[in-house]
Amino acid sequence: MRIDKNQINSLNKKALPDHRESFEYISQRLEGKGISVQKLVQKIQSFQIAIPSWALGTGGTRFGRFPGGGEPRTLEEKIDDVGLLHALNAGSGAISLHIPWDIPKDIAQIKAHAASHKLLFDAVNSNTFQDQADQEHSYKFGSLCHTDAQVRKQAVNHNLEVIRHGEALGSKSLTVWLADGSSFPGQMNFRKALQRTLDSLKEIYAGMPDDWKMFIEYKPYEPYFYHTVIQDWGTSHLLASQLGERAYTLVDLGHHLPNTNIEQIVATLMMQGKLGGFHFNDSKFGDDDLTVGAMKPYQLFLIFNELVEGMQDKESRNPYPAWMIDASHNLKDPMEDLLQSVEAIQLAYAQALLVDRQALEDAREANDPVLAQEILQDAFRTDVRPLIAEARMQADAALDPVAAFRKLNVRENLVRERGKKSMATGL
């Protein structure tokens, strides 16, 4: 299924009067403060969030999975679905592949297919947290940290294979997340496990093209209960620093203990020039369990406040971060969830762009926490939805992507094309 621009224009035409009224109101308010609305719109348009290939199917828990039908059965169909999302919101212009779930069989055909949807290939992701049917050694007791050198070699070679697939597609980065850890005290030597992981990562790093980056993800818990080898941002930063200048920490919003100050982590990593990217989701108590912004929109804004400040710092050594959604969808239509997530990210970004940075810094230097809070919350409480909608409309996308998704019967059409029992590869 493909969405025609005429279909979107027809839907936008009906919603245009209300949008114009809302957009003119916020435009007058912001222009009155000396803020260029068109520059804001352009920044929002250029902010693209990658969609992981595995997120287009229904997720699940260890208790069950409830697929809704019409899920993409092949890599081509996953690209089609990201193309549908991008056609609706103009903010999902990249797809991130997870290997070996989505190994491209015909590179030229896959690249052409993605290009027909105006999509790029973002970071490629390795998988050593599952045993595949054809692999010789098991990762039950770890992969890059394993006591057996043959298991470590297998995991290293897998990552090198992932790099080769990504290089052929035009990707420029590798994301490494390890499930490695232990469930019982005494089971694993902490120091040896970390050293073996570092040694394995050095082999992978040496196998990357010169213009590639490595993103090292961390997680304090799950699937093991006692410890994880790369448990926090400090350990990830330690590994990245020892690997070299093209290795970075990747922050996943769901990979933190409750009440962690993620915005401080962001600021610290950007100060060190070591923030590589983000995996967006929202979390109540576990990992990757909710739509972005569903629980903690103010925290998301505070994180973007630090991101924007870091990106605007002319003296910063930090590269432009990579952005990807990484969440599980067990109850919602996964494509509707992704549309909601992209908009939540854009909203937080746009709100952060509205912060009066000079006034905020003056309040900080004057030790005025009341004024600092007022400045931040004034930006956060500004309804920037008309700006996001205008950015979409100027890019020939839908004013209201979720409403358009439903009015165009996207899921129903996909079920008709693919069947009620089609299930995506992946989790």
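This briefing looks at a helix pair, the nonpolar cores and one helix with a buried side. The model is predicted, with local features needing pLDDT of at least 70 and side-chain atom pairs counting only at pLDDT 80 or more, while totals for chains, interfaces and linings use all residues. Residues are numbered from 1 along each chain as its sequence is written, and side-chain values use heavy atoms, leaving out hydrogens and water.

**Helix α15**
- In α15 (residues 410–418; helices are DSSP runs of H or I, at least four residues, numbered from the N terminus), the buried residues are V410, R411, L414, V415 and R418; buried means under 20% relative accessible area with a 1.4 Å probe, protein chains only.
- These residues lie on the same side of α15 because they cover an arc of only 135 degrees around the axis, taken from the directions from the helix axis to the C-beta atoms.
- Their cover includes α3 (75–89), α10 (334–353) and α14 (401–407).
- After α15 comes G419, with a positive phi near 105 degrees.

**Helices α5 and α6**
- The axes of α5 (residues 149–169) and α6 (residues 190–206) come within 9 Å and cross at roughly 35 degrees; axes are lines fitted to C-alpha atoms over the stretch in contact, with angles from 0 to 180 degrees between N-to-C directions.
- R152, V156, N159, L160 and I163 of α5 make the contact (heavy atoms within 4.5 Å) with R196, S200, E203 and I204 of α6.

**Nonpolar cores**
- The largest nonpolar core (buried Ala, Val, Leu, Ile, Met, Phe, Trp, Tyr and Cys residues joined through side-chain atoms within 4.5 Å) has 112 residues, and F278 is among those touching the most other members.
- α10 gives the most to this core, with 12 residues.

Notes
Buried < 20%, exposed > 50% of the residue type's maximum accessible area, 1.4 Å probe, protein only. Helix = DSSP H or I, 4+ residues; strand = E, 2+ residues; numbered from the N terminus.
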